[in-house]
Amino acid sequence: YQRRVHGTLSECLFFFEFLLYFLPMSQTGQSEATTSSPSSCKICCACPETRSKRDECIVMKGKENCLELIEDHYACLLKAGFSSQEVDKLRATSR
């Protein structure tokens, strides 16, 4: 049984960098997104529809071919009440 792996090494690294963003960032165990967000939802859990479309596209087609879906997800996060600083931080860690 062989498992076929989709995506390049850079796409896999992007995925792991993306996950690292959501690991606890303080000794209290809360991420910065949780403490500064006006909503009770973490930024990693917000906008599941746009997030899943974005993630699937990145894995299947590569990040450079999914820029519109990535921007749609950032727009959704802003509409959900996350600050532009939080969204910009996510953008910076995703590059």
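How many salt bridges does the structure hold? In this predicted model, the count comes to three. Two of them share a partner and one sits elsewhere, so it helps to begin with the helix pair that hosts the shared ones. The helices in question are H4, spanning residues 67–79, and H5, spanning residues 84–93. Their axes lie 9 Å apart and make an angle of about 155°. Since angles over 145 degrees count as roughly antiparallel, H4 is roughly antiparallel to H5. As for handedness, H4 and H5 cross in a right-handed sense. On the H4 side, the contact is built from Glu 71, Tyr 74, Leu 77 and Leu 78, while H5 brings in Ser 84, Val 87, Leu 90 and Arg 91. Sorted by character, the residues of this contact come out as five nonpolar, one polar and two charged.

Glu 71 and Arg 91, both part of that contact, also meet through their side chains in a salt bridge, with an N to O distance of 2.9 Å. Glu 71 belongs to helix H4 and Arg 91 to helix H5, so this pair ties together parts that are 20 residues apart in sequence. Glu 71 counts as partly exposed, because its relative accessibility is 40%.

Arg 91 has another salt-bridge partner in Asp 88, where the closest N and O atoms are 3.1 Å apart. Here the link stays within helix H5: Arg 91 and Asp 88 are three residues apart, which means a separation of about one helical turn. Asp 88, at a relative accessible area of 41%, is likewise partly exposed. Through shared partners, the salt bridges join Glu 71, Asp 88 and Arg 91 into one network.

That leaves the pair Asp 55 and Arg 54, whose salt bridge brings the closest N and O atoms to 2.6 Å. Asp 55 is found in helix H3, which covers residues 48–61. How do the two partners fare for exposure, buried or partly exposed? Arg 54 is buried, with a relative accessible area of just 2%, whereas Asp 55 is partly exposed at 23%. The cut-off for buried is under 20%, so Asp 55 falls outside that class. Asp 55 can also be placed relative to Cys 66: the two are eleven residues apart in sequence, and their C-alpha atoms are 9.0 Å apart in space.

Terms used. Residues numbered from 1 in each chain as written. Predicted model: local features only at pLDDT ≥ 70, side-chain atom pairs only at ≥ 80, totals over all residues. Heavy atoms only, no water. Axes fitted to C-alpha atoms, helices over the stretch in contact; angles between N-to-C directions. Helix = DSSP H or I, 4+ residues; strand = E, 2+ residues; numbered from the N terminus. Parallel < 35°, antiparallel > 145°, perpendicular 65-115°, else oblique. Left-handed = near helix turned anticlockwise from the far one by under 90°. Contact = heavy atoms within 4.5 Å. Nonpolar A, V, L, I, M, F, W, Y, C, P; charged D, E, K, R; others polar. Salt bridge = Lys/Arg side-chain N within 4 Å of Asp/Glu carboxyl O. Buried < 20%, exposed > 50% of the residue type's maximum accessible area, 1.4 Å probe, protein only.
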